[in-house]
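I opened the notebook to look up a few things in one structure. The entries are short and follow the order in which I checked them.

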Amino acid sequence: MKRLSGLLVFCALAAAWEGLSRWGVVSRLYFPPVSTIAATFWDLTVSGLLPGQALSTVSRAVAGLLLALAVMAPLGLAMGVSRRLSALLTPTVELLRPVPPPAIIPAAMLLFGIGTGMKLVVIVFACSFPILVGAVDGARSIDPGFRLTAAAYGLSRRDLLFGVILPAAGPSVAAGFRTAVPMALIVAVLSEMIGASSGIGHYILRMQRTFAIPEMYAGVAMLGLWGLALNAGTQQVLARLLRWHAGWKGGI
Amino acid sequence: MIPPDPPPSIEGVRGGSSPPAAGGLFLLIFLLILWEALSRLALLPPDAVPPVSVIGEELWGLIISGELVGQAGLTIGRALAGFGVGGVGGVALGFACGVFPGFGRAMRMTVEFLRPMPSVALIPIGILFLGLGFGLCVAVAGFACAWPAYVAAVAGAATAGPELRDTARVYGLRRWESIVFVLAPAALPQIMAGLRTGLAVAVAVVVTTEMAAAPNGLGSFILEASMAGRPGRMYAGIVAVGLVGAGLNAVFVALRRRALAWMPEAGQR
Amino acid sequence: MLTIEGLTKSYSQNGSPATCALGGVSFSVPKGAFVSLVGPSGCGKSTLLQCVCGLMRPTAGRVTLAGREISAPPPEMALIFQNAAASLFPWFTILGNIRFVLRRAPGSKAQKLETARSALAAVGLADFAEHYPWQLSGGMQQRAALARGLAYGAEILLLDEPFASVDAQTREDLEDLLAGVARQQGKTVLFVTHDIDEAVYLADTVVALTPPPAKVAAILPIDLPHPRDQIASREDRRFLDARKAIHALLRRV
Amino acid sequence: MLTIEGLTKSYSQNGSPATCALGGVSFSVPKGAFVSLVGPSGCGKSTLLQCVCGLMRPTAGRVTLAGREISAPPPEMALIFQNAAASLFPWFTILGNIRFVLRRAPGSKAQKLETARSALAAVGLADFAEHYPWQLSGGMQQRAALARGLAYGAEILLLDEPFASVDAQTREDLEDLLAGVARQQGKTVLFVTHDIDEAVYLADTVVALTPPPAKVAAILPIDLPHPRDQIASREDRRFLDARKAIHALLRRV
Amino acid sequence: ADPAPLKIGYIPVGDCLQFYVAEEQGYFAAQGLAVTGLPMKGGAVIAPAVEGGELAIGWSNTVSIILAQAKGFDFAFLAPGAEGVAATNDVHALLVAADSKIASVKDLAGKTVAINTLGNINEAAMRALAEQAGIAPDSIRLVEVPFPDMAAALSKGSVQAALVLEPFVTDAVSRGAAKILVPSPHAAFGNPYLIGGWFAKKAWIKAHPAEAAAFTRAVTQASAFIAAHPDKARAILSQRTKLAPELAAKIVLPRFPETLAPAALQGVVDVSARFGLLSKPFPAADLLAVPGN
Ligand SMILES: Nc1ncnc2c1ncn2[C@@H]1O[C@H](COP(=O)(O)OP(=O)(O)OP(=O)(O)O)[C@@H](O)[C@H]1O
Ligand SMILES: Nc1ncnc2c1ncn2[C@@H]1O[C@H](COP(=O)(O)OP(=O)(O)OP(=O)(O)O)[C@@H](O)[C@H]1O
Ligand SMILES: [Mg+2]
Ligand SMILES: [Mg+2]
């Protein structure tokens with residue numbers, strides 16, 4: 001029953017939409033009945049068209065995310081540990097950080113053309129800052145007790161890095177990464193809307209332009225589902241990696 | 001689903017960013033000079049990446065003529081209005097979901113379905129009702145920035161520990177007093193963090209919406225500059241957007257510091 | 001007279017078998033008495049206090065105050081939590097914390113302010129009224145929580161290991177402060193601790209609990225003269241004997 | 001022989017005037033001795049230990065171990081921090097924590113594992129080797145930190161209020177455990193506490209410090225027979241006298 | 001009485017020159033219209049704005065309106081917009097990089113060609129070109145690239161050809177960045193054919209016959225002006241679109257006809273239907289609602 005209340009509200013809203021559309025209260029052309037959208041969604045999913053389009057988008061988003069992680073997490077940790085490096089890079093970072101990623105798409109297109117390269121650049125740009133900031137913060141806010149302990153037991157710098165700094169900053173990096181996930185997806189979609197021949201963003205835009213409105217909604221729904229899945233997947237992986245952290249924070 | 005932690009901030013830990021050492025500024029200046037040189041020597045294509053000085057000149061000219069200021073004003077107005085609507089809505093919904101678990105459960109599925117919707121894909125639909133300017137930007141940005149606020153408020157509503165809740169009960173306070181004076185202030189730091197993300201999202205989405213639909217505003221300015229084949233103007237527009245984002249963020253951080261003055265390190269989280 | 005009769009509490013966690021924290025505890029606290037409740041960690045002392053205070057419904061048994069059964073926090077009781085730092089509202093100053101819990105109390109604003117200030121003075125925090133909790137040391141926070149409980153004007157004070165995380169010197173000061181205030185104002189006190197010395201030092205009666213599910217292991221009257229002294233009372237033969245007896249009791253069970 | 005000579009430490013915070021935590025402390029810890037260091041909160045005890053351990057450079061004075069001056073954490077010393085929970089790495093299991101600090105120690109992997117396991121067994125945590133720190137109670141965490149210090153094989157143990165946040169019963173157990181292990185393995189121990197009873201109960205010698213800037217207020221040999229007993233030793237006249245003397249000393253200054 | 005305000009959506013490119021001229025020359029005012037022009041990003045935004053009533057009239061390329069008609073929208077052209085005429089008014093051209101080895105459309109089989117928007121007139125045009133050249137229409141891979149970026153895409157080699165619109169054709173060719181492969185890529189639609197025009201909801205036209213007719217008259221006047229004074233028209237274009245004046249003087253402009261003839265539209269409908277953009281052709285007259293007729 002507890003679970004049902006959510007479903008109930010959801011169904012009620014869907015039914016309201018259906019009714020409004022069928023009775024012509026809202027433009028049926030732009031708000032086709034939910035049942036029509038659902039049927040379209042089903043057909044396009046079974047035919048493999050939508051999942052395929054979404055997959056190419058998601059894979060680009062994931063590639064961008066991982067790239068950003070690979071570069072920015074170590075850089076952020078280094079900035080968090082070394083005050084000098086942080087002082088060196090902070091002005092540049094702070095200058096770039098407030099630029100909204102969509103605003104650089106036109107520039108990226110001039111520079112990198114319209115291929116996958118441009119999209120990756122924009123995605124990486126969008127994901128970099130949350131991850132970087134998470135890593136800086138994580139490394140900076142390590143409990144001094146941990147560092148002292150490592151020092152008291154005469155551990156090497158390498159051990160300190162891999163045994164203390166990395167795991168201690170992990171949750172913060174993960175939090176940054178989680179902020180970056182939806183951003184990666186949105187920016188991937190946006191970059192496809194401007195220049196691509198594949199991807200769910202492009203599909204949605206194209207359907208919109210050719211007035212295939214139910215197909216457009218189906219695309220939006222598919223994107224929503226992928227967003228949900230990507231979020232949940234990230235959550236699962238991070239929860240697994242940071243099991244100790246969940247227990248630690250929730251356990252004492 | 002665990003809501004994501006509010007995004008950390010660089011200046012978070014010690015309340016105030018570390019002093020920008022001379023080295024950092026030198027690096028920045030060096031990079032700009034490098035850009036200038038590469039562009040002047042045509043090692044970077046000058047019609048894609050004009051020299052910094054050209055961009056600066058263009059920017060200055062646009063500021064003097066008031067053209068950019070006007071566009072920026074429009075963008076800021078739209079972003080703030082969208083942020084106001086979406087932020088308030090998201091916080092209210094999220095806080096209510098957190099405080100009243102039954103309500104939260106009832107809304108959960110709908111919210112989780114709506115949350116990942118790309119707001120930008122909804123622009124053509126929005127045009128039907130909201131036209132092409134202010135209303136549209138506010139709606140799309142509001143929709144987008146409601147979610148970070150929502151997530152933060154849901155998490156924030158659970159921040160007050162059992163000791164605080166029970167203290168209010170022991171001392172005979174009413175339910176509403178407990179919500180207003182205990183749960184809400186405890187949630188404030190997280191909500192502020194969520195709102196801060198929301199503000200950045202609002203700016204980004206307004207710019208995108210302007211690019212896609214609005215006849216004016218900085219986003220439109222950037223796109224038109226690129227369409228007219230004038231990269232200098234385009235970069236000037238991008239810089240202006242960055243300044244708008246940074247300015248709004250700075251103002252918000254200052255306000256947040258005041259709102260959280262009671263915290264050990266105002267500005268933490 | 002506060003009476004606890006056959007108090008039983010099981011925590012049922014969804015899925016896992018229920019933890020039985022209290023297995024039928026009965027004792028009573030006469031008006032004006034200082035009763036210490038001592039028992040091993042995790043035996044259910046906090047659970048007991050929460051049931052007594054009406055914050056939690058017992059699984060069986062009942063708590064009555066002057067004959068009336070308690071089902072919601074009564075205005076006659078103030079509970080001071082185990083962890084003071086977590087129970088002070090960080091967004092109010094120390095004074096604000098006290099004034100906040102006095103919202104529903106009768107009296108004018110000025111009167112309440114007066115009450116709050118004098119409670120702070122009683123615990124020696126008059127100069128820190130406008131400080132936020134985190135600006136104080138752990139011991140000061142503990143005193144602030146105590147002041148809040150005192151200002152509330154409740155006849156009955158329930159204290160849950162209030163001095164557990166305070167350093168030894170401060171702790172002695174706080175013990176003496178509490179004992180003094182309680183005697184002066186004729187409060188009824190139910191004081192939970194796991195420190196046998198402390199329990200004996202403060203109380204008129206010590207109630208010892210067994211490991212979970214907690215039952216009453218013994219009720220021991222302490223006949224040490226008041227006021228007590230950190231050096232002299234603790235060297236007193238009666239103190240040492242009581243201490244030894246409870247020690248033996250808790251080790252045995 | 002660990003010798004502390006004229007140890008002085010000022011913390012200079014940028015801008016504000018320097019805090020002088022230690023104002024010239026001198027005493028020495030003979031090999032195999034158990035020395036308790038007692039002093040009011042904030043007097044600089046933790047600072048002193050960190051200087052002794054080489055984690056921090058004193059402003060003046062020096063610490064020598066068998067004649068050699070200490071400038072970096074020497075392998076002969078293990079420091080057990082004030083807050084065990086904060087010094088156990090939450091991302092390693094208990095066993096992992098111990099193995100981690102043994103990384104640089106000589107010996108094969110198997111030997112080290114053996115060392116780690118036997119240290120855990122010594123503190124009664126053999127069955128919890130694979131648990132994460134946060135899966136253990138505060139007392140168990142404290143024991144794990146102790147095991148880590150013991151496993152490190154250092155001759156000299158520096159303990160900073162190791163039992164401050166542990167409940168009274170567990171604390172008594174841990175005190176006896178530490179005393180037993182130290183005697184058995186002939187460790188030299190410098191034990192910081194603010195609890196006078198505990199300091200006297202455990203030590204061969206008690207060093208009392210004044211409020212900051214800390215100086216040595218008194219050095220008091222304790223002639224209680226070993227092994228000690230929580231009931232009997234604490235009732236002993238010599239215990240009560242030493243306790244009273246230090247009490248008076250700390251109250252006075 | 002004050003004239004009712006009329007909101008018109010247009011795209012700030014040469015194809016909408018009529019609008020600029022009508023505004024500059026005061027034709028709208030002369031017809032008793034209070035026109036507010038809104039520069040828009042493209043048909044994708046204009047159509048919903050017209051459907052929702054935010055705009056009374058908008059400019060759109062023909063294929064979009066044809067597609068909308070097929071999906072059940074009740075849009076109709078009420079005034080002719082730009083017309084393409086082979087040899088004299090070719091605003092589109094298929095370009096290849098200046099150093100490209102591609103000599104004919106046939107060589108594009110298996111290659112990538114940039115068009116501005118998939119599913120519009122240019123997709124139909126590319127497919128028709130392929131068919132003409134005797135290669136399978138889907139053997140050419142089409143990607144979407146905004147017009148301003150096409151020259152860069154060509155020189156980077158990320159596309160092998162691009163169907164470009166003025167002023168970018170003239171810009172790219174005069175800079176030597178590209179050369180023309182097919183000068184009249186839209187030939188399949190007929191000669192002349194309608195590139196785009198001014199449209200509104202049929203319901204709106206029915207409800208506002210006087211305004212619709214007045215608008216049509218103003219646009220027709222503008223067309224006449226452009227035909228009569230091409231240099232002044234170019235000056236207006238340069239000033240209003242911020243196009244560099246040298247470029248504005250050089251570029252090819254479409255023809256702006258004074259009447260809306262079904263014949264200029266039917267070819268577009270038929271080609272769209274042939275290449276699957278449309279399920280079946282319909283008479284172009286369905287899309288015309290010239291007020292006053
Ligand atoms: N909310 C809860 N849900 C399930 N079990 C609980 C809950 N609260 C307490 N318990 C269990 O009930 C028992 C008694 O807990 P309680 O906190 O009352 O003990 P305590 O005597 O106060 O311990 P301490 O001296 O450590 O404060 C413990 O075994 C604990 O694990
Ligand atoms: N890193 C630091 N910077 C500045 N001052 C410090 C620092 N660490 C400690 N102090 C100051 O030095 C003095 C001694 O601190 P220390 O922690 O050594 O005391 P302690 O005796 O261990 O206290 P406690 O019993 O509370 O653990 C205190 O006044 C403290 O405020
Ligand atoms: Mg408890
Ligand atoms: Mg200390």
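The notes below begin with one chain, then turn to a metal ion, some backbone angles and the contacts between chains.

**Entry 1: the model.** I noted at the start that this is a predicted model.

**Entry 2: make-up of chain B.** I looked up the secondary structure of chain B and found 10 helices and 0 strands. Read from the N terminus, the elements of chain B are therefore α ten times over, α-α-α-α-α-α-α-α-α-α. I also took down the extent of the C-alpha trace of chain B, about 75 × 50 × 30 Å along its principal axes.

**Entry 3: the annotated span.** I checked the UniProt record, an unreviewed entry, which places "domain: ABC transmembrane type-1" at residues 72–256 of chain B. In the model, residues 72–256 of chain B are 85% helix and 0% strand. The C-alpha atoms at the two ends of this span lie 24 Å apart.

**Entry 4: inside and outside of chain B.** How many of the residues in chain B are buried? I found that chain B has 269 residues and that 55% of them are buried. The exposed surface of chain B is about 10,500 Å², and carbon and sulfur atoms supply 73% of that area. I then looked at contacts in chain B with a separation of 6 or more: 74% of them join residues 24 or more positions apart.

**Entry 5: charges on chain B.** I listed 17 positive and 14 negative side chains in chain B. The centres of these two sets lie 11 Å apart.

**Entry 6: the magnesium ion.** Which residues coordinate the magnesium ion (ligand 3)? I found S46(C), through OG, and Q82(C), through OE1, at 1.9 to 2.5 Å. S46(C) sits in helix α1 (residues 45–52) of chain C, and Q82(C) in the loop between β6 (77–80) and α2 (84–87) of chain C, so the pair ties together parts 36 residues apart in sequence. I checked the exposure of both. S46(C) is partly exposed, because its relative accessibility of 25% is not under the 20% cut-off for buried. Q82(C) is also partly exposed, at 33%.

**Entry 7: cis peptide bonds.** I wrote down a general point before looking: most peptide bonds are trans, and most residues other than glycine have a negative phi. The bond from H226(C) to P227(C) is cis, with omega near -15 degrees. I placed P227(C) in the loop between β10 (216–221) and α8 (232–235) of chain C. The bond from E166(E) to P167(E) is cis as well, with omega near 0 degrees. P167(E) is in the loop between β9 (161–165) and α7 (168–175) of chain E.

**Entry 8: positive phi.** Where is A42(B) found? I located A42(B) in the loop between α1 (22–40) and α2 (52–64) of chain B. Its phi is near 60 degrees, a positive value in a residue other than glycine, and A42(B) is partly exposed at 47% relative accessible area. A66(D) has a positive phi too, near 50 degrees. It lies in the loop between β4 (60–65) and β5 (68–69) of chain D. A66(D) counts as exposed, because its 63% relative accessibility is over 50%.

**Entry 9: chains side by side.** I counted 6 pairs of chains that touch, and the most contacts are between chains A and B. Chain B and chain D do not touch, and their nearest C-alpha atoms are 13 Å apart. Chain D and chain E do not touch either; their nearest C-alpha atoms are 48 Å apart.

Notes
Residues numbered from 1 in each chain as written. Chains lettered and ligands numbered in written order. Predicted model: local features only at pLDDT ≥ 70, side-chain atom pairs only at ≥ 80, totals over all residues. Heavy atoms only, no water. UniProt positions renumbered as here; feature names shortened; annotations may be inferred. Helix = DSSP H or I, 4+ residues; strand = E, 2+ residues; numbered from the N terminus. Buried < 20%, exposed > 50% of the residue type's maximum accessible area, 1.4 Å probe, protein only. Contact = heavy atoms within 4.5 Å. Areas by Shrake-Rupley, 256 points an atom, 1.4 Å probe, with all protein chains shown as cover. Lys, Arg positive; Asp, Glu negative; His and termini not counted. Charge placed at Lys NZ, Arg CZ, Asp CG, Glu CD. Donors = N, O, S within 2.8 Å, 3.2 Å for Na, K, Ca; no water.
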